[in-house]
Amino acid sequence: MAVSQRNSEGSAKRTTKEIREWAIGEGREVSPRGRISAEIEQAFHHAQAKTAPARKVAAKSSAAKKTAAKKTAAKKAVAKKAPAAQKVAAKKTVAEKAVAKKAPAAKKVAAAKKVAAAKTTTKEIREWAIGEGREVSPRGRISAEIERAFHDAQAKEIQAEAVPVKKTAAKKAVAKKTVAEAVAKKAPAAKKAPAKTTAPKTTAAEKIAAAKASAKSAAAVN
């Protein structure tokens, strides 16, 4: 009970002091000490009630300012990071543009090659048809019949070129067999040839004996 009384007395003193300061600030007549009149207290509370919404608005505006400051800081951080991302995006864009520039050039080259190949083929077919005595216009599209005949003739030429190669290989194989057979026939004749006989060598003793015998026979004849 004593503590609650002290608290209430402290709050009453604080309120009285606030009311007195407010009244002085408003230019009202109030004693520096003692009890404050009920009229001044009522005017103080009315003024507090009026200023309460303003305080709430001020608190909200302060919170809004803090939130706006945080958002601004976040935007600045994003803005700092943005140039790096923009540089990367710019590099990608440059690379993509370079690829895009090269792609049409490559397509044009491929198309030009196809056109050149078609022109060359058309020219060859026309020359072949003229050489074969076929009717063909000097310009324009060649008929499918003449094109088919040209390709058939080309295929036959390729086959004709391949056949002599095969025949040459077969001839070489036959020649190798003939040589091998000839060598095989000569081999037995070499084996049948008689071996050379070598005269026996006479020794020194045999030579001396023969000389003595011939001397004796000569003496006997004399």
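**Buried arginines and paired rings in a helical chain**

Arg20 turns out to be buried (under 20% relative accessible area, where over 50% is exposed and anything in between partly exposed, with a 1.4 Å probe and protein chains only), yet Arg20 has no salt bridge, and the nearest side chain of opposite charge, Glu21, sits 8.4 Å away. A salt bridge here needs a side-chain nitrogen of Lys or Arg within 4 Å of a carboxyl oxygen of Asp or Glu; Lys and Arg count as positive, Asp and Glu as negative, and His and the chain ends are not counted. The model is a predicted one, where local features need pLDDT of at least 70 and side-chain atom pairs count only at pLDDT 80 or more, while totals for chains, interfaces and linings use all residues. Residues are numbered from 1 along each chain as its sequence is written, and side-chain values use heavy atoms, with hydrogens and water left out.

As for the overall layout, the protein chain has four helices and zero strands, so reading from the N terminus the pattern is simply α-α-α-α (helices are DSSP runs of H or I with at least four residues, strands are runs of E with at least two, and numbering starts at the N terminus). Of its 222 residues, just 8% count as buried. The protein chain exposes about 19500 Å², and carbon and sulfur atoms supply 61% of that area (Shrake-Rupley method with a 1.4 Å probe; for residues, only the protein chains shown count as cover). Among contacts (heavy atoms within 4.5 Å) with a separation of 6 or more, 12% involve residues 24 or more positions apart.

Back to Arg20, which belongs to helix α1, spanning residues 2-26. Once neighbours within four places in sequence are set aside, Arg20 is in contact with Val30, Ser31, Pro32, Arg33, Gly34 and Ile36. One of these partners, Gly34, lies in the loop between α1 and α2. Gly34 counts as exposed, because its relative accessible area is 54%. The C-alpha atoms of Gly34 and Thr16 are 9.4 Å apart, with the two positions 18 residues apart in numbering. Helix α1 also holds Thr15. With a relative accessible area of 30%, Thr15 is partly exposed. From Thr15 to Glu41, 26 residues along the chain, the C-alpha distance is 9.4 Å.

Next come the rings. The structure holds two aromatic pairs. In the pair of Trp22 and Phe44, the ring centres are 5.8 Å apart and the planes meet at 70°, so the arrangement is edge-to-face. Rings of Phe, Tyr and Trp (its six-membered ring) pair if their centres lie within 6.5 Å; planes under 30 degrees apart are stacked, over 60 edge-to-face, and the rest tilted. This pair links distant parts of the chain, with Trp22 in helix α1 and Phe44 in helix α2 (residues 38-131), 22 residues apart. Trp22 is buried, at a relative accessible area of 18%. Phe44 is buried as well, with a value of 6%. Trp128 and Phe150 make up another edge-to-face aromatic pair, at 5.8 Å centre to centre and 70° between the planes. Here too distant parts of the chain are linked: Trp128 is in helix α2 and Phe150 in helix α3 (residues 144-192), 22 residues apart. Both Trp128 and Phe150 are buried.

Ala149 is found in helix α3. Its relative accessible area is 18%, so Ala149 counts as buried. Not counting residues up to four places away in sequence, Ala149 touches Trp128 and Arg134. Between Ala149 and Trp128, 21 residues apart in sequence, the C-alpha to C-alpha distance is 9.8 Å.

Finally, there is Arg126, placed in helix α2. Arg126 is buried yet lacks a salt bridge; Glu127, the nearest side chain of opposite charge, is 8.4 Å away. A polar atom of the Arg126 side chain does, however, lie 2.7 Å from the backbone oxygen of Ser137. Leaving out residues up to four places away in sequence, Arg126 touches Val136, Ser137, Pro138, Arg139, Gly140 and Ile142.

Definitions and conventions. A polar contact is a pair of N or O atoms within 3.5 Å; within protein, one must be able to donate a hydrogen and the other to accept it, and residues adjacent in sequence count only if both atoms are side-chain atoms.
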